[in-house]
Amino acid sequence: MKKVAAFVVLLLTGLRIAADDPGYGWLGALDRVLPMENLWFRHIVAAAVLAGALVAYFSYISRARLKPRIRFDRARLLALLSSGRSRTASLGVMALWVLLLSLLLLTVTGVFLFLGVAGTALSLH
């Protein structure tokens, strides 16, 4: 539950921070629901919670020897072409990896931004 709350806080504070950019004028429509105070603090705390959850998840998968369960290999790729439960399971694993890689990218670029190394990290974040 904490992971979901951290994700929601990150999303809302991130949208509020992005709303300051003139290129994202459409975010003005969300002005009433986006948080106003302590944005950076809330964003960084929620990012730390989510990063900790990612580390804990990868540690759990490794120590419980569940890597084959989430491995996206040739069999899972071929299962995408079939129908039924194998396709659904394969889509689930693919969605998991898209989510995990996205969160990892956001975490790394967020650390770069925090350290003042913006550049390409800003557009990726």
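Start with the whole chain shown as a surface: its accessible area is about 9,300 Å², and 68% of that belongs to carbon and sulfur atoms (Shrake-Rupley method, 1.4 Å probe). Bear in mind that this is a predicted model, where local features need pLDDT of at least 70, side-chain atom pairs count only at pLDDT 80 or more, and totals for chains, interfaces and linings use all residues. Numbering runs from 1 along each chain as its sequence is written, and side-chain values use heavy atoms, with hydrogens and water left out.

Now switch to cartoon. You'll find six helices and zero strands (DSSP runs: H or I of at least four residues for helices, E of at least two for strands). Zoom out: the C-alpha atoms fill a box of roughly 45 × 30 × 30 Å along the principal axes. Of the 125 residues, 20% count as buried, meaning under 20% relative accessible area with a 1.4 Å probe, protein chains only.

Next, select residues 2-18, helix α1. Its 17 residues should span 24 Å at 1.5 Å a residue, and the end C-alpha atoms are indeed 24 Å apart (the expected span is 1.5 Å times one less than the number of residues).

Which residues of α1 are buried? Show Ala 6, Leu 10, Thr 13 and Arg 16 as sticks. They cover an arc of only 135° around the axis, so they sit on the same side of α1; the arc is that of the directions from the helix axis to the C-beta atoms.

Last stop: add residues 39-63, helix α2, which the buried residues of α1 pack against (contact means heavy atoms within 4.5 Å).

Key. Buried < 20%, exposed > 50% of the residue type's maximum accessible area, 1.4 Å probe, protein only.
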